[in-house]
Amino acid sequence: MASASRSGARMPRTLIALLMTLAMALMLAASPLAPAVRIAHAEGTNVAAGQAASGGSGAASGASGASGGESATPIAGPVPNVIITNFTYGEGSVAVGSDFTLSFTFQNKGKVAVSNMVVTVDGGENFAIAGGTNTFYFDALSAGRSATQSVPMQALPTAKSGAQGVTVSFRYEYVDSGSRSSSSSDIRISVPVSQPDRFQLDAPVPPEDAMVGNETTITMNYVNKGKGDIANVEASIEGDGFDTMTKTQYVGNVASGANGSIGFAFTPTQSGELQAKLHIAYEDSDGKAQSKDFPVTVNVADAAPMPDDTAMAVDEQSQQGAPAWVWALVAVVVIGAIVLVVVLVRRRRKKKAKKSEIDEEWDEWNKPDGDGTTGPSDPTVPVPAPSAASPAADPEATRLIATPQAPQTPSPAKDGSADQGQARRARRGRA
């Protein structure tokens, strides 16, 4: 009976403790500390019946302290986080001046849904929107959900080579502890840009007069038409049937718009068609290794035979011509001949003039005077001696001419004719 009475006395105490625990739980559920208690309970904190009683007493004291005028700060809820999980722009790299489509997928990695989302794409100084807008709107994006957006874009002609950035901005709203908040994030992605390879190499120019044993040259022109520099240009010649001092030569870097030529000097060792190949290696504006090969055919003639020394000496003398003294002698002879011809012509002209004068004088002698006689009647006028050219004079005529005649008195009827004869004889005497 005694044991039964002791157990009956213990039962009310246990019941009282349970009732007190339930009361404290109800009080905590109504107080601001309830979320913290629930989180602690979710983490697996187990309180025994006795510990619950003591905890309940502590909570009661805390509650009494709270009722004393102190308020607890509410804990903020989780913040959403939007990121880009994947993007595409095509294969390889984007050439400057070309269009491409940028497609990107973004996801809400938070535990709270977002709403009123605005997405903005900024291509910077290297990309532009190729039609349309760069801003997009999404009404809501639940926690863990994702969305995809495509943007038509173009790589500007002034874009630089290499990886260039595109910025995607997100602005959105969400609900935190019953109140609406906003947030934003900027995500940068890279799109590789390449300059087209416009390093132009012309076809090699073979020599036209290649000959065995004679050095000749193959040339090739180049120009960089691209907007980027070409680096580490190296040229080499390959083939058989010729000798060269330098089979490989380093050209170096070629700036945008620069041009020049590459030349290979070689000496053919055999005649016929010589097959060679020019190999050009360089790095383009993107730093990628490039190479080009140019086959070339050279027609090589046999070497010319060695000329005879004697024939060469004769040819040299014939090319040199006569000595200078020979030309001087020829000049003297020519000048002498000219002088002689001039002298002879002058003498002949003088003889002709003199003969002409004599003939005129004989003509005057043969003309009859006014009195019917020929020759001068004045004994003072000299009588010219007959020349060999004149016809043979009659001795009787000569005697008559030389014999002085007595002056005759002119008749009145012949005064005029006599005066004219005297005038003619005077003129002949003066002559």
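## A nonpolar surface patch

In this predicted model, Val330, Val334, Ile338 and Val342 together make up a nonpolar patch on the surface, and their combined accessible area is about 310 Å². One of these residues, valine 334, lies in helix 5. With a relative accessible area of 43%, valine 334 is partly exposed, because a residue has to pass 50% to count as exposed and has to fall under 20% to count as buried.

## A positive surface patch

A second patch on the surface is positive in charge, and the residues that form it are Arg346, Arg347, Arg348, Arg349, Lys350, Lys351 and Lys352. Arginine 349, one of the residues of this positive patch, is found in helix 5, which covers residues 324-366. The relative accessibility of arginine 349 is 61%, and this residue therefore counts as exposed. Helix 5 thus holds both arginine 349 and valine 334, the former from the positive patch and the latter from the nonpolar one.

## The chain as a whole

The chain has 431 residues, of which 23% count as buried, and its secondary structure consists of 7 helices and 17 strands. The accessible surface of the chain amounts to about 28600 Å², with 56% of that area belonging to carbon and sulfur atoms.

As for how the chain contacts itself, when the contacts between residues at least 6 apart in sequence are considered, 69% of them join residues that are at least 24 apart.

Methods:
Residues numbered from 1 in each chain as written. Predicted model: local features only at pLDDT ≥ 70, side-chain atom pairs only at ≥ 80, totals over all residues. Heavy atoms only, no water. Helix = DSSP H or I, 4+ residues; strand = E, 2+ residues; numbered from the N terminus. Buried < 20%, exposed > 50% of the residue type's maximum accessible area, 1.4 Å probe, protein only. Contact = heavy atoms within 4.5 Å. Areas by Shrake-Rupley, 256 points an atom, 1.4 Å probe, with all protein chains shown as cover. Patch = residues over 30% accessible without salt bridge, like charges linked within 9 Å, V, L, I, M, F, W, Y side chains within 5 Å. Salt bridge = Lys/Arg side-chain N within 4 Å of Asp/Glu carboxyl O. Lys, Arg positive; Asp, Glu negative; His and termini not counted. Charge placed at Lys NZ, Arg CZ, Asp CG, Glu CD.
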